Amino acid sequence: MDFFSIDFLIRILAALILGFFIGLERELTNKCAGLRTHILVCLGACVFTIISIYGFPSYATGDNVLVDQATGIRDTGRVAAQVVSGIGFIGAGAVLRNGPMIIGLTTAATLWISAAIGMTCGVGMYGLATLATFASVAVLTIVRIFERKILPAGIKRNKRFKITAYCNNEEVSKIHSYLIENSENIEDFSAKKLFENPEKTKVSTSFELNNKKAIHDIYAKLAEMLTPDAITMQELND
């Protein structure tokens, strides 16, 4: 078997291209697993599938159909089957728990589907792989728009945000009181004096908001009522 064949090259290129499309959506939305991760997952799944079909065992008959020398039984799914369970380890690394909130599940799911697409490219089913890729990107983009623009505000899920601010010591209570009045489910509120400047405190906490626009109002209000050295806000979602 020629392992530098055009057929293998096409399968690998297909995995690279289709993995790129899913990874691009994750990269543009600033997720923890982005372009390179999804491309490599898709490529790796493709390569594992190819070697599962053509690499084991070392004895081939007929049209490069691999048969076990001892039993005569063909088993092309031994390595590929491990991709399905093995991708769970990477996906688990993208899932984080923040109090009662679980974030990163969507990214873990995109890694899972990237592996499936890579395996599909590995067996040469390019039509199915392309369809699955565009369906995945459509779910990630169109459904997000549907959630934000079409669903009534009352049934939209809350978004969780994290805020970090460096301010004067006496301003910590103001921050805490304001966030309690203007947000929901405040968790992990911490205030730590800076070792290098005991008159300054680092404040960090996470909270929920139903309206994403409100985060800009909170940011503007904190900047107005305090004299912070720096304020950073981050949306904690999938």
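## A quick tour of the chain

The protein chain here has seven helices and eight strands. Keep in mind that you're looking at a predicted model. Let's start with the chain as a whole, then zoom in on one helix and one residue.

**The whole chain**

- Of the 238 residues in the protein chain, 35% count as buried.
- The accessible surface of the chain adds up to about 13,700 Å², and carbon and sulfur atoms account for 63% of that surface.
- Take the contacts between residues at least 6 apart in sequence: 65% of them join residues at least 24 apart.

**Helix α1**

- Helix α1 covers residues 6–28, which makes 23 residues.
- Does the length add up, or is it off? At 1.5 Å a residue, α1 should span 33 Å, and its end C-alpha atoms are 33 Å apart, so the two agree.
- Several α1 residues are buried, among them Phe 8, Ala 14, Leu 18 and Ile 22.
- The buried set in α1 also includes Arg 11, Glu 25 and Arg 26, along with Gly 19 and Gly 23.
- After α1 comes Asn 30, which has a positive phi, near 60 degrees.

**Thr 133**

- You'll find Thr 133 in helix α5, which runs over residues 126–150.
- Is Thr 133 buried or exposed? Its relative accessibility is 1%, and buried means under 20%, so Thr 133 counts as buried.
- Which residues does Thr 133 touch, leaving aside neighbours within four places in sequence? Thr 133 is in contact with Leu 18, Phe 21, Ile 22 and Ile 117.
- Two of those names should ring a bell: Leu 18 and Ile 22 are buried residues of α1.

Key:
Residues are numbered from 1 along each chain as its sequence is written. This is a predicted model: local features need pLDDT of at least 70, side-chain atom pairs count only at pLDDT 80 or more; totals for chains, interfaces and linings use all residues. Side-chain values use heavy atoms; hydrogens and water are left out. Helices (H or I, at least four residues) and strands (E, at least two) are DSSP runs, numbered from the N terminus. The expected span of a helix is 1.5 Å times one less than its number of residues. Buried means under 20% relative accessible area, exposed over 50%, partly exposed in between (1.4 Å probe, protein chains only). Contact means heavy atoms within 4.5 Å. Accessible areas come from the Shrake-Rupley method with a 1.4 Å probe; for residues, only the protein chains shown count as cover.
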